[in-house]
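Here is a short briefing on one protein chain. Please keep the sequence and the structure open while reading.

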Amino acid sequence: MPAAPTSQDLGRTVLDARDIGRALTRISHEILERNKGAGDLVLLGIPRRGVPLAHRIAARMSAVEEHDVPVGSLDITMYRDDLRMKPARTLLHTEIPGDGIDGKVVVLVDDVLFSGRTIRAALDALNDVGRPSAVQLAVLVDRGHRELPIRADFVGKNLPTSLAERVSVRLSEMDDTTDSVSIAVPATETKGETA
């Protein structure tokens, strides 16, 4: 089992648990406002950390709407454009709510928007699951550096970063720690070496 990351490994904290909570509450209200309620909404989290974020947003929306908002997960592993360049990956879980996504507004939820390639893969995966009436994107962090023409509809925090920096999202559901978002420069970069 790998050693727990040190505070130096995690870098500088830019969002703490309260900041993340406020960002998710704002995103929830923005989604409801833009879609005039939750009647036709389905939230699909992109594994790994997009799934607990989708559940948190759905819970906030359900409290406002006074009925459950359907939430599930969408595995994109087999749709990634870097499959042949990296070692084999474990397939993750796709869970589509019982009523499906046909004719619904699907909100994809992810933790960090970076190059846009993950979202492109998610759109391809979504095509194999059904035909939504619209697809929207909610992310906790948008760090820029897009390689594809993709933008988020709902953003918790825009974090301008350099390509050398690493953004780490830690959630209590997955990391057995307090929620946080931090920015770090890998050790090889800080010593003047190239990765």
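**Central sheet and its surroundings**

Val-109 stands opposite Ala-138 in β5. On the β2 side, Gly-45 stands opposite Val-109 in β4. The model is predicted. The points below start from β4, then move to the sheet, the loops and the surface.

**Overall make-up**

- The protein chain has six helices and eight strands.
- From the N terminus, the elements follow the order α-β-α-β-α-β-β-α-β-β-β-α-β-α.
- The protein chain has 195 residues, and 45% of them count as buried.

**Strand β4**

- β4 covers residues 105-113.
- Nine of the nine residues of β4 are buried, so the strand is largely enclosed by the rest of the structure.
- Buried here means under 20% relative accessible area.
- β4 pairs with β5 (residues 134-142) in the parallel sense, over eight bridges.
- Five bridges join β4 to β2 (residues 41-45), and this pair also runs parallel.
- Val-109 thus appears in two pairings: it faces Gly-45 of β2 and Ala-138 of β5.
- β4, helix α4 (residues 117-127) and β5 make up a β-α-β unit, and this unit is right-handed.

**The five-stranded sheet**

- Five strands form an open sheet, ordered β3-β2-β4-β5-β6, with parallel pairing.
- β3 and β6 (154-158) are the edge strands, each pairing on one side only.
- On average, neighbouring strands of this sheet are turned by 25 degrees against each other, direction ignored.
- Strands of a sheet pair through backbone hydrogen bonds, either parallel or antiparallel.
- β2 and β3 pair in the parallel sense over three bridges.
- In that pairing, Gly-45 stands opposite Ser-73 in β3.
- Gly-45 also stands opposite Val-109 in β4.

**Backbone geometry in the loops**

- Which peptide bond is cis? The bond from Pro-47 to Arg-48 is, with omega near 15 degrees.
- Arg-48 sits in the loop between β2 and α3 (50-65).
- Lys-36 is not a glycine, yet its phi is positive, about 55 degrees.
- Lys-36 belongs to the loop between α2 (17-34) and β2.
- Is Lys-36 buried or exposed? Lys-36 is exposed, at 78% relative accessible area.
- Asp-176 is not a glycine either, and has a positive phi of about 50 degrees.
- The loop between α5 (172-175) and β8 (180-184) holds Asp-176.
- Asp-176 is exposed because its relative accessible area is 77%, and the cut-off for exposed is over 50%.

**Nonpolar surface patch**

- Which residues make the nonpolar surface patch? Met-78, Leu-83 and Leu-91 make the patch, which measures about 290 Å².
- Met-78 is found in the loop between β3 (71-73) and β4.
- Met-78 counts as exposed because its relative accessibility is 54%.

**Points to locate in the viewer**

- Start at Val-109, opposite Ala-138 in β5.
- Cross to Gly-45, opposite Val-109 in β4.
- Go on to Ser-73 in β3, opposite Gly-45.
- β3 is an edge strand, as is β6.
- Next, find the cis bond from Pro-47 to Arg-48.
- End at the nonpolar patch made by Met-78, Leu-83 and Leu-91.

Definitions and conventions. Residues are numbered from 1 along each chain as its sequence is written. This is a predicted model: local features need pLDDT of at least 70, side-chain atom pairs count only at pLDDT 80 or more; totals for chains, interfaces and linings use all residues. Side-chain values use heavy atoms; hydrogens and water are left out. Patches are made of residues with over 30% relative accessible area and no salt bridge: like charges are joined within 9 Å, nonpolar side chains (Val, Leu, Ile, Met, Phe, Trp, Tyr) within 5 Å. Accessible areas come from the Shrake-Rupley method with a 1.4 Å probe; for residues, only the protein chains shown count as cover. A salt bridge is a side-chain nitrogen of Lys or Arg within 4 Å of a carboxyl oxygen of Asp or Glu. Helices (H or I, at least four residues) and strands (E, at least two) are DSSP runs, numbered from the N terminus. Buried means under 20% relative accessible area, exposed over 50%, partly exposed in between (1.4 Å probe, protein chains only). Two strands pair if DSSP finds at least two bridges between them. A crossover is right-handed if, with the strands pointing away from the viewer, the path from the first strand over the helix to the second runs clockwise. Axes are lines fitted to C-alpha atoms, for helices over the stretch in contact, and angles run from 0 to 180 degrees between N-to-C directions.
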